[in-house]
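Work through the exercises below with the structure open. Try each task before reading its solution.

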Amino acid sequence: AASEERIEETVLALLYVCSVCEDGARRSWKTYDWGVTEHLFEKGLIDNPRSNRKSVLLTPEGEALGKVLAEKLFGGSVR
């Protein structure tokens, strides 16, 4: 359980770091494990990964937490 949470945090950080701002929202490729992205969706941190799109939107909560986690995991200030 703790290792699954750590994996989810790392994926969210990577989603944030690899995202682009599009129409005021952050979008990132969804090339991560389906189970992990499904849990992030259930937590309200990204939109539904089961769409036909090749990317997901980070929710405002996901964007904020993703930035914090990216700075914690990768060091320094991220965009």
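Lys and Arg count as positive and Asp and Glu as negative, while His and the chain ends are not counted. The place of a charge is NZ of Lys, CZ of Arg, CG of Asp or CD of Glu. The model is predicted, so local features need pLDDT of at least 70 and side-chain atom pairs pLDDT 80 or more, whereas totals for chains, interfaces and linings use all residues. Residues are numbered from 1 along each chain as its sequence is written, and side-chain values use heavy atoms, without hydrogens and water.

**Exercise 1.** Count the positive and negative side chains of the protein chain and find how far apart the centres of the two sets lie.

Solution. Step one: the protein chain has 11 positive and 13 negative side chains. Step two: the centres of these sets are 5 Å apart.

**Exercise 2.** Give the order of helices and strands in the protein chain.

Solution. Helices (H or I, at least four residues) and strands (E, at least two) are DSSP runs, numbered from the N terminus. There are three helices and three strands. Along the sequence they follow α-β-β-α-β-α.

**Exercise 3.** Describe the surroundings of Ser-55.

Solution. First, place the residue: Ser-55 belongs to strand E3, residues 55–57. Next, check its exposure. Buried means under 20% relative accessible area, exposed over 50%, partly exposed in between (1.4 Å probe, protein chains only). Ser-55 has 9%, so it is buried. Then list its partners in contact (heavy atoms within 4.5 Å). Leaving aside neighbours within four places in sequence, these are Arg-27, Ser-28, Trp-29 and Lys-30.
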